[in-house]
Amino acid sequence: MNKDEALLLLKSRGFKHTDKREDMLDLFEKKHGYLSAKEIQTAMKDDYPGLSFDTIYRNLSLFKKLLILEETELEGERVFQFRCTTEEHHHHLICLGCGKTRTIEVCPMQDLSQLDPDFKVTGHKFEVYGYCKQCQKKAAGF
Ligand SMILES: [Zn+2]
Ligand SMILES: [Zn+2]
Ligand SMILES: [Zn+2]
């Protein structure tokens, strides 16, 4: 998913185009990773001084419902990013410093169906946390 696809989708579902929505999607387009509502508010506060968490969350929920965004929790905080368009089963490497994500095609949990013969496994979540190269350099003081 990207900004243009998201705008088209919103239009096709009859949602009104607003600068606020477009600017919000623009943030995700530039980020290539997870954003929290707080980061969105901080980034948009100059253009939209009265923008409330309520409005942000309402739009985030809408984007999630339309499968534009996906959500996870990082260190206790809800964060959002553009939903991956790949249909293949995959996982993410997530940087705790900047929120950037990278897709990995390796799945370390192939045989979960064997855990319990009485339990029908339908899926799983697996996320790898750490620090990207830039954030490691930043931490090292370069
Ligand atoms: Zn993905
Ligand atoms: Zn990083
Ligand atoms: Zn997997």
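The exercises below, each with a worked solution, concern a predicted model of a protein with three zinc ions. Residues are numbered from 1 along each chain as its sequence is written, while chains are lettered from A and ligands numbered from 1 in the order in which they are written. Local features need pLDDT of at least 70 and side-chain atom pairs count only at pLDDT 80 or more, whereas totals for chains, interfaces and linings use all residues, and side-chain values use heavy atoms, with hydrogens and water left out.

**Exercise 1. Describe the order of the helices and strands, and state what share of the residues is buried.**

Step 1. The protein has 5 helices and 6 strands, where helices (H or I, at least four residues) and strands (E, at least two) are DSSP runs numbered from the N terminus.

Step 2. Read from the N terminus, the elements follow the order α-α-β-α-α-β-β-β-β-β-α.

Step 3. Among the 142 residues, 32% count as buried; buried means under 20% relative accessible area, exposed over 50%, and partly exposed in between, with a 1.4 Å probe and protein chains only.

Step 4. The C-alpha trace spans about 55 × 45 × 25 Å along its principal axes.

**Exercise 2. Work out which elements supply the largest nonpolar core, and which face of H3 is buried.**

Step 1. A nonpolar core is a set of buried Ala, Val, Leu, Ile, Met, Phe, Trp, Tyr and Cys residues joined through side-chain atoms within 4.5 Å. The largest one holds 22 residues, and those touching the most other members are Leu25, Phe28, Ile40, Leu60, Ile68 and Leu69.

Step 2. At least two residues of this core come from each of helix H1 (3–12), helix H2 (19–31), helix H3 (37–44), helix H4 (53–65) and E3.

Step 3. Ile68 can serve as an example: apart from its neighbours within four places in sequence, its contacts (heavy atoms within 4.5 Å) include Leu9, Leu25, Phe63 and Phe82.

Step 4. In H3 the buried residues are Ala37, Ile40 and Met44. Viewed down the axis of H3, these residues fall within an arc of 60°, so they line one face of the helix; the arc is that of the directions from the helix axis to the C-beta atoms. In general, an α-helix has 3.6 residues a turn, so residues three or four places apart point the same way.

Step 5. The cover over the buried residues of H3 includes H2, E1, H4 and E3.

**Exercise 3. Identify the donors of the zinc ion (ligand 3) and explain why their arrangement is called tetrahedral.**

Step 1. Donors are N, O and S atoms within 2.8 Å of the metal (3.2 Å for Na, K and Ca), and water is not among the atoms, so sites may look incomplete. Here the protein donors are His89 (NE2), His91 (NE2), Cys107 (SG) and His124 (NE2), at 1.9 to 2.2 Å from the ion.

Step 2. Four donors count as tetrahedral if all angles lie between 85 and 135 degrees. The 4 donor atoms of this ion subtend angles of 102 to 114°, which makes the arrangement tetrahedral.

Step 3. His89 sits in the loop between strand E3 (77–82) and strand E4 (91–95), and Cys107 in the loop between strand E5 (101–104) and strand E6 (127–130), so this pair ties together parts that are 18 residues apart in sequence. His89 is partly exposed at 43% relative accessible area, whereas Cys107 is buried at 12%.

Step 4. His91 belongs to strand E4 and is buried, with 4% relative accessibility. The side chain of His91 also makes a polar contact with that of His124, at 3.3 Å; such a contact is a pair of N or O atoms within 3.5 Å, where within protein one must be able to donate a hydrogen and the other to accept it, and residues adjacent in sequence count only if both atoms are side-chain atoms.

**Exercise 4. Describe the donors of the zinc ions that are ligand 1 and ligand 2.**

Step 1. For ligand 1, the protein donors Cys84 (SG), His90 (NE2) and His92 (NE2) lie 2.0 Å from the ion, with the spacing C-x5-H-x1-H along the chain.

Step 2. For ligand 2, the protein donors are Cys95 (SG), Cys98 (SG), Cys132 (SG) and Cys135 (SG), at 2.2 to 2.3 Å, and their angles of 103 to 114° make the arrangement tetrahedral.

Step 3. Cys98, in the loop between E4 and E5, and Cys132, in the loop between E6 and helix H5 (133–140), link distant parts of the chain, 34 residues apart.

Technical notes:
Tetrahedral: all angles 85-135°; square planar, octahedral: opposite > 155°, others 65-115°.
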